[in-house]
Amino acid sequence: MQANFPFTAWPDISPPPAFLSLLAEVFPGVQCRVSLLPLVSDGPPSAVAPADFLRPDELRQWQSFASNKRKREWLGGRLCAYNCARWLIAARKKTSGNNYESVIARNETTKKSTTMPDTGVEKDHRFFRSVCNDVAVKECFSARDWWLAADENGRPFWQGNLPEALSGMDISLSHGGAYALAIIATRRVGADVEACRTKVQRVAAQFCHLAEEERLARLIPQQDRLARLTLLWSAKESLRKAATGLPGFLAMRLTDGSHIGDGWRLVLTWGATGRQSTVATTLHDGHAFAFCFLEE
Ligand SMILES: CC(C)(COP(=O)(O)OP(=O)(O)OC[C@H]1O[C@@H](n2cnc3c(N)ncnc32)[C@H](O)[C@@H]1OP(=O)(O)O)[C@@H](O)C(=O)NCCC(=O)NCCS
């Protein structure tokens with residue numbers, strides 16, 4: 001069975017623009033692509049059928065999960081990951097000599113809105129929509145000989161005969177509360193989403209030193225304790241995923257930070273050599289989000 005990839009049917013799963021400006025401010029120069037998918041508790045993660053974007057082996061793995069929650073989250077993560085991948089592939093085509101206007105003209109299937117002015121952003125969306133329908137990009141998914149694998153610790157990585165746009169790119173996935181997300185980046189990356197739930201306050205001592213709580217309160221005075229602790233938890237999860245060997249929560253310490261735009265830049269110190277890593281964190285819809293790019 002070959003997967004058929006109906007790009008036009010895909011939902012728009014771009015993150016809020018504030019996420020992207022936060023990432024650009026905290027990590028200038030790092031190229032990345034993020035997808036964020038709202039998950040409904042008792043339905044499929046989107047209108048796109050799993051067989052439309054999963055390879056047969058992936059489909060079998062998905063079907064083997066006993067729990068519906070696990071099925072929904074695993075699938076949501078893959079949908080986000082492959083959505084990031086298709087945008088990167090399309091972006092590569094854009095910069096590799098394709099004529100912007102002619103690609104749109106050749107592939108445009110949806111009518112251009114007569115009420116929307118053709119701003120740069122709209123033009124960019126039209127380009128990506130149309131280039132994703134381009135035969136070469138479609139074929140790249142329908143006979144995909146590359147896929148998302150996991151190492152012995154569960155860390156995801158791209159495997160197979162990768163399209164140029166994905167070579168050297170790292171990936172991280174997360175699902176929590178009402179969201180699944182993926183990020184692909186030119187640097188080693190970890191991402192996390194956590195719903196703000198009261199339990200985090202009961203288990204605070206398991207992941208947060210007293211001195212960190214005090215620092216958090218000074219850094220993020222505008223949020224309550226529940227939001228602050230969830231931000232720290234999520235930040236540490238993102239660093240654990242970026243780092244090798246999943247460092248322990250109490251082995252990472254919040255040592256610095258600042259308020260940036262709609263989020264916070266948190267600095268965590270960890271490891272035997274006191275390595276410092278930066279995490280971009282933000283709150284959205286009752287969830288904490290964190291993205292960590294490891295230094296080279
Ligand atoms: C892995 C871990 C960091 C995931 O965090 P979480 O907040 O529970 O879950 P999230 O939804 O945010 O993230 C799940 C995703 O993280 C990724 N992931 C799993 N293991 C990972 C690792 N070692 N490093 C980076 N990412 C990892 C996977 O893509 C996973 O999604 P998927 O299973 O659908 O592919 C956490 O569960 C953990 O510490 N587990 C310990 C596992 C362990 O010790 N394994 C040893 C080998 S068996």
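These are my notebook entries on a predicted model, covering its ligand shell and several helices and strands.

**Entry 1. Conventions.** I number residues from 1 along each chain as its sequence is written. Since the model is predicted, local features need pLDDT of at least 70 and side-chain atom pairs count only at pLDDT 80 or more, while totals for chains, interfaces and linings use all residues. I take helices (H or I, at least four residues) and strands (E, at least two) as DSSP runs, numbered from the N terminus.

**Entry 2. Ligand shell.** I looked up which residues surround the ligand, counting a residue as near if its C-beta atom, placed from the backbone, lies within 6 Å of it. There are 16 residues around the ligand, and Asn153, Gly154, Arg155, Ser174 and Lys241 come nearest. By class I find four nonpolar, six polar and six charged residues in the shell. Here Ala, Val, Leu, Ile, Met, Phe, Trp, Tyr, Cys and Pro count as nonpolar, Asp, Glu, Lys and Arg as charged, and the others, Gly among them, as polar. Helix 3 (68-95), strand 4 (170-176) and helix 9 (225-242) each supply at least two shell residues. Strand 4 gives the most, with four residues. Domain 1 (31-186) and domain 2 (194-293) each contribute at least three residues to the shell; the domain bounds come from an automatic or database domain assignment.

**Entry 3. Strand 4.** I checked burial next (buried: 20 or more other C-beta atoms within 10 Å of the residue's own; exposed: 12 or fewer; partly exposed: in between; C-beta atoms placed from the backbone). Seven of the seven residues of strand 4 are buried, so the strand is largely enclosed by the rest of the structure. Asp170, Ser172, Ser174 and Gly176 are buried on one side, and Ile171, Leu173 and His175 are buried on the other. Strand 4 runs antiparallel to strand 5 (residues 179-185), joined by seven bridges; two strands pair if DSSP finds at least two bridges between them. Ile171 stands opposite Ile184 in strand 5. The hairpin of strand 4 and strand 5 has two residues between the strands, and Gly177 takes a positive phi near 60° there.

**Entry 4. Helix 9 and the loop after it.** I compared the length of helix 9 with the expected span, 1.5 Å times one less than the number of residues. The 18 residues should span 26 Å, and the end C-alpha atoms are 26 Å apart, which agrees. Of those 18 residues, 15 are buried. Gly245 lies in the loop between helix 9 and strand 7 (252-260). Gly245 is exposed, because 8 other C-beta atoms lie within 10 Å. The C-alpha atoms of Gly245 and Arg155 are separated by 10.0 Å, although the two residues are 90 residues apart along the chain.

**Entry 5. Helix 8.** In helix 8 (residues 210-219) I find Glu212, Arg215, Leu216 and Leu219 buried. They cover an arc of only 105° around the axis (taken from the directions from the helix axis to the C-beta atoms), which puts them on the same side of helix 8. Leu210, Glu214, Ala217 and Arg218 are exposed on the other side. Ala217 is exposed because it has 12 other C-beta atoms within 10 Å. Ala217 and Leu229 are 12 residues apart in sequence and 9.5 Å apart, C-alpha to C-alpha.

**Entry 6. Strand 6.** I find six of the seven residues of strand 6 (residues 189-195) buried. Strand 6 pairs with strand 10 (residues 287-293) in the antiparallel sense over seven bridges. The bridge partner of Val193 in strand 10 is Phe289.
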